[in-house]
Number of protein chains: 2
Amino acid sequence: MSTKNKILDAAESLFADKGFNGTSLREITSLAEVNLAAVNYHFGSKKELIKSVMSRYMNELSPNLQTSLLLICEQEQQPNLHEVFSAFIEPLLSLNVFRENGTSNFLQLLGRGYTDSQGFLRWFLTTQYPEVITNFVTAVQRAYPELSAEDIFWRLHFTMGTVIFTMSSSDALMDIAKNDFDQQVDIADVIRKVIPFVASGVGAPFNH
Amino acid sequence: MSTKNKILDAAESLFADKGFNGTSLREITSLAEVNLAAVNYHFGSKKELIKSVMSRYMNELSPNLQTSLLLICEQEQQPNLHEVFSAFIEPLLSLNVFRENGTSNFLQLLGRGYTDSQGFLRWFLTTQYPEVITNFVTAVQRAYPELSAEDIFWRLHFTMGTVIFTMSSSDALMDIAKNDFDQQVDIADVIRKVIPFVASGVGAPFNH
DNA sequence: CGTTATTTAAAACGCTTGTTTAAACTGTTT
DNA sequence: AAACAGTTTAAACAAGCGTTTTAAATAACG
């Protein structure tokens with residue numbers, strides 16, 4: 001495997017675990033078993049390395065998610081919200097074949113990006129991959145046309161919060177569930193549990 | 001104002017803004033206009049300062065939340081989930097009189113604590129203030145008895161995720177809402193928007 | 001008033017951070 | 001075989017970190 005990919009792999013799992021700020025280049029390069037200077041040689045800076053780690057996932061996920069959402073938008077009958085959110089399941093889980101622990105790693109990284117580093121990653125994602133959000137909004141609008149643009153905006157961010165936060169701490173949560181309820185769960189189970197929650201949340205009646 | 005409180009105030013707003021890892025003691029002491037060494041003198045270490053900042057809020061919030069939830073648990077008729085979650089509104093908003101921007105600062109700190117510093121703050125809160133969680137679970141159980149303990153566990157964490165994540169990025173979200181929808185919102189508005197979402201999410205039917 | 005304890009001040013500590021440098025090495029091309 | 005670009009290496013850089021130390025200023029009390 002190339003040095004570049006060794007760095008990306010090591011950075012990915014450390015970033016997911018301890019955040020971007022919480023991970024040093026020395027930790028990354030020693031896990032990747034490459035020289036410290038290799039990061040700056042191949043990526044230029046730590047910030048660019050973070051972008052590369054995220055891009056690798058987004059370039060894999062984005063087209064799958066696009067076709068999955070488009071399928072829902074273009075079908076004859078009106079979809080319900082549960083269908084819309086279920087459209088995420090397969091593209092997200094397919095990240096697991098793309099890379100070991102791909103699904104949870106990616107979602108954890110997403111969560112880090114929203115809280116670490118004061119939102120520069122949010123800017124990066126919304127400017128580099130805006131069509132993902134657009135399609136998602138369209139799908140929700142088709143499923144629940146009474147919802148105003150403002151309410152869609154807020155409820156989609158609530159949804160992102162639910163999913164991202166859950167996945168950020170999914171390791172800890174799965175441990176607790178195992179200890180307290182003898183309940184062996186994996187990331188696919190968590191996704192199946194969270195879909196009814198967010199679908200119902202987005203579909204909640206509103207009292208203006 | 002005492003040196004100790006000047007430090008606590010400065011630390012609180014910086015921590016909420018940039019996270020625990022992302023804030024240095026030098027930033028804190030220079031915003032507080034006190035000497036650098038004062039932190040270690042008064043609090044012993046940065047970690048203890050973090051605990052102190054959180055405790056100041058928890059000691060204010062915890063009793064209010066207790067009485068509010070107890071009121072719901074002890075009332076004659078069965079409460080619905082919307083009532084249960086609404087029990088948080090007043091105690092949370094009262095943090096705003098306790099301290100400027102108290103509500104959003106506290107919720108942002110809570111979010112930081114779950115993602116920064118690998119969960120030591122989660123340990124701190126669940127061991128120091130377990131009765132808050134217990135009462136909350138009891139209230140939800142009364143409102144939705146069909147929900148199993150496992151499902152309550154998961155859905156309450158989804159709820160925490162929604163709220164904490166939303167509040168962590170509430171400043172950014174309120175800015176976007178203002179720009180895109182000419183919608184002037186404050187933290188109370190956000191809370192009013194999120195309550196139907198989480199109440200509906202927790203109350204979602206499940207498909208076993 | 002004088003003594004003791006508490007609080008602040010400035011400087012330095014040792015350590016880690018991201019980044020840069022310059023030399024050594026690798027494999028291909030002329 | 002020599003020249004070459006592409007990589008890797010070890011060492012050093014300046015800057016920032018949390019913490020400690022020492023001395024000066026302030027407050028409390030007999």
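Modeller: A residue is near a DNA strand if its C-beta atom, placed from the backbone, lies within 6 Å of it. The model is predicted, and local features need pLDDT of at least 70 while side-chain atom pairs count only at pLDDT 80 or more, whereas totals for chains, interfaces and linings use all residues. Residues are numbered from 1 along each chain as its sequence is written, with chains lettered from A and ligands numbered from 1 in the order in which they are written.

Colleague: Which residues come nearest to DNA strand D?

Modeller: There are 15 residues around DNA strand D, and by class this surface divides into eight nonpolar, five polar and two charged residues (Ala, Val, Leu, Ile, Met, Phe, Trp, Tyr, Cys and Pro count as nonpolar, Asp, Glu, Lys and Arg as charged, and the others, Gly among them, as polar). Both protein chains take part in the list, and those that come nearest are A:Thr3, A:Asn35, A:Ala37, B:Ser24 and B:Ser45.

Colleague: Which helix gives the most to the surface near DNA strand C?

Modeller: Around DNA strand C there are 15 residues, of which A:Ser24, A:Ser45, B:Thr3, B:Asn35 and B:Ala37 come nearest. At least two residues each are supplied by helix H2 (25-32) of chain A and helix H3 (37-43) of chain B, where helices are DSSP runs (H or I, at least four residues) numbered from the N terminus. The one that gives the most, with three residues, is H3(B).

Colleague: What relation holds between chain B and chain A?

Modeller: Chain B is superposed on chain A by a rotation of 180 degrees with 0.0 Å of shift along its axis, at an RMSD of 0.1 Å (by least squares on the C-alpha atoms of residues with pLDDT of at least 70 in both). That is the relation of a two-fold axis.

Colleague: Which helix gives the most to the side of chain B that touches chain A?

Modeller: In this interface 39 residues of chain B are in contact with 40 residues of chain A, contact being C-beta atoms, placed from the backbone, within 7 Å. The elements of chain B that give two or more residues to this side are helices H8 (102-115), H11 (149-168), H12 (170-181) and H13 (187-202). Because 100% of the interface residues of chain B are also interface residues in chain A, the copies meet through the same surface. With 13 residues, the helix that gives the most on the side of chain B is H11(B).

Colleague: Is B:Phe197 buried or exposed?

Modeller: B:Phe197 has its place in helix H13 of chain B, and, not counting residues up to four places away in sequence, B:Phe197 touches A:Arg155, A:Phe158, A:Gly201, A:Ala204 and B:Thr162. Buried means 20 or more other C-beta atoms within 10 Å, exposed means 12 or fewer, and partly exposed lies in between, with C-beta atoms placed from the backbone. B:Phe197 has 29 such neighbours and therefore counts as buried.

Colleague: And is A:Thr67 buried or exposed?

Modeller: A:Thr67 lies in helix H4 (residues 46-74) of chain A, and its C-alpha atom is separated by 29 Å from that of A:Ser169, 102 residues apart along the chain. Because 11 other C-beta atoms lie within 10 Å of it, A:Thr67 is exposed.

Key
Contact = placed C-beta atoms within 7 Å.
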